[in-house]
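Here are a few exercises to work through with the viewer open. Try each task before reading its solution.

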Amino acid sequence: MKILVNGASHEIAAPTLEAALLELGFRDRIVATAVNGEFVAVQRRSGRELSDGDRVEILAPMQGG
Amino acid sequence: MRLYGIELGSRLLLGTAGYPSPATLIGAIEAAGVEVVTASVRRESSGARAGEGFWSLIRNLGLRVLPNTAGCHSVKEAVTTAHLAREIFATPWIKLEVIGEADTLQPDVFALVEAARILTAEGFQVFPYTTEDLIVAEKLLDAGCGVLMPWGAPIGTGRGLNNVYALRTLRAHFPEVPLIIDAGIGVPSHAALAMELGFDAVLTNTAVAQAGDPVRMAAALAKAVEAGYSAFRANPMQPRDMAVPSTPVLGKAFLG
């Protein structure tokens, strides 16, 4: 299926958010996630199924003011 | 100074964005002796590990992190960002920003109060970035905020305290609430003035990061905050219009 990851189009096979993170190379990374504007906590990623066209945000700690 | 039950020695909080290098950021943090730094959450690619590098740098320094919701323009965006930040930084603290206007980055205080109410109900300890408006301050306290962060001037302008009268009023109305001047500080004298007015602390980023020598400026700001705080505690004299001789007149020789 085709999803948007941080605004860029990606073709993935993974059925869930957790699997998608692995497929996209985020294994063991400190990131937080949202799908279609909704926060998805780390313990809920495995149960969060993805659909074609979903907007996934993968966020990391960053400098800020 | 006690913020949400946490005792802090330093009254200067420092932003971490826009420094010439990570080494300069570390130098500034150490020179100022700050205990709290702000941070954000941003998109990360799988290849880049910029975020993790920054995070390990902060953790190695043993600092307390105040994550922000910078750049959010709606209640939903800010609340979701707060959730993302809480998971990443493992802290209930959140510097709540809901921006209402692009040119001034002025807070949308109506959305701010609404977001603050939602987040405090969910267990967040909210540091709202607000204006100097007294009524908004009351609403934020009603919403459960235990700290207020009024702006001195718009973010990144370095214009100092634009409305000293209103800030003084805010301080007078809420003597027990920790009040932190957030945004607008450009030079140490601005920070000193904020502290002389009785504010509990100052949060600044651009004043340090954009200085020619950020490490030196961080140290200067820390000294100004300390000097201003001591001056406030010393109960300064009141200015007056007419001159008063400081040397006693009594006993002066008659030489005319």
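**Exercise 1: a charged pair across the chains**

Which residue of chain A forms a salt bridge with B:Lys76, and how far apart are the closest N and O atoms?

Solution. Keep in mind that this is a predicted model.
- Start from B:Lys76 and look across to chain A: the partner is A:Glu38, with the closest N and O atoms 3.4 Å apart.
- The cut-off for such a pair is 4 Å, so B:Lys76 and A:Glu38 qualify.
- Next, take B:Glu44, whose side chain meets that of A:Arg29 in a salt bridge, 3.4 Å from N to O.
- This second pair crosses between chains too: B:Glu44 sits in the loop between S4 and H2 of chain B, and A:Arg29 in the loop between helix H1 (17–23) and strand S3 (32–35) of chain A.
- Now count: there are five salt bridges between chain B and chain A, and ten over all chains.

**Exercise 2: sizing up the interface**

Work out how much area the two chains bury and which residues of chain B supply the most of its share.

Solution.
- Contacts come first: 30 residues of chain B touch 27 residues of chain A.
- The area buried between the two chains is about 2,400 Å², and carbon and sulfur atoms give 57% of that.
- On the chain B side, B:Arg43, B:Leu84 and B:Glu87 supply 26% of the area this chain buries against chain A, more than any other three residues.
- For polar contacts, the tally across the interface is 19 residue pairs.
- Strand S4 (36–43), helix H2 (50–60) and helix H3 (75–89) of chain B each give two or more residues to the side that touches chain A.
- H3(B) gives the most, with seven residues.
- Sorted by type, the chain B side has nine nonpolar, eleven polar and ten charged residues.

**Exercise 3: strands, between chains and within one**

Find out how S4(B) pairs with chain A, then lay out the open sheet of chain B.

Solution.
- Strand S5 (residues 55–63) of chain A is joined to S4(B) by five bridges, and the two run antiparallel.
- To locate one bridge, go to A:Ala60: its partner in S4(B) is B:Arg42.
- Within chain B, three strands make an open sheet in the order S6-S7-S8, with parallel pairing.
- Strand S6 (93–96) and strand S8 (149–150) are at the edges with a single partner strand each, so each has one side without a neighbour in the sheet.
- S6(B) and S7(B) share four bridges; in one of them, B:Leu96 is matched with B:Pro128 of S7(B).

**Exercise 4: an aromatic pair**

What is the geometry of the pair formed by B:Tyr4 and B:Phe127?

Solution.
- The whole structure holds three aromatic pairs over all chains.
- In the pair of B:Tyr4 and B:Phe127, the centres are 5.3 Å apart and the planes make an angle of 55°, so the pair counts as tilted.
- Finally, place the rings: B:Tyr4 is in the loop between strand S1 (2–3) and strand S2 (6–7) of chain B, while B:Phe127 is in strand S7 (residues 125–130), 123 residues apart.

Notes: Residues numbered from 1 in each chain as written. Chains lettered and ligands numbered in written order. Predicted model: local features only at pLDDT ≥ 70, side-chain atom pairs only at ≥ 80, totals over all residues. Heavy atoms only, no water. Contact = heavy atoms within 4.5 Å. Buried area = accessible area lost by both parts, 1.4 Å probe. Polar contact = N/O pair within 3.5 Å; in protein donor to acceptor, adjacent residues only side chain to side chain. Nonpolar A, V, L, I, M, F, W, Y, C, P; charged D, E, K, R; others polar. Pairing = 2+ DSSP bridges. Phe/Tyr/Trp six-rings, centres within 6.5 Å; stacked < 30°, edge-to-face > 60°.
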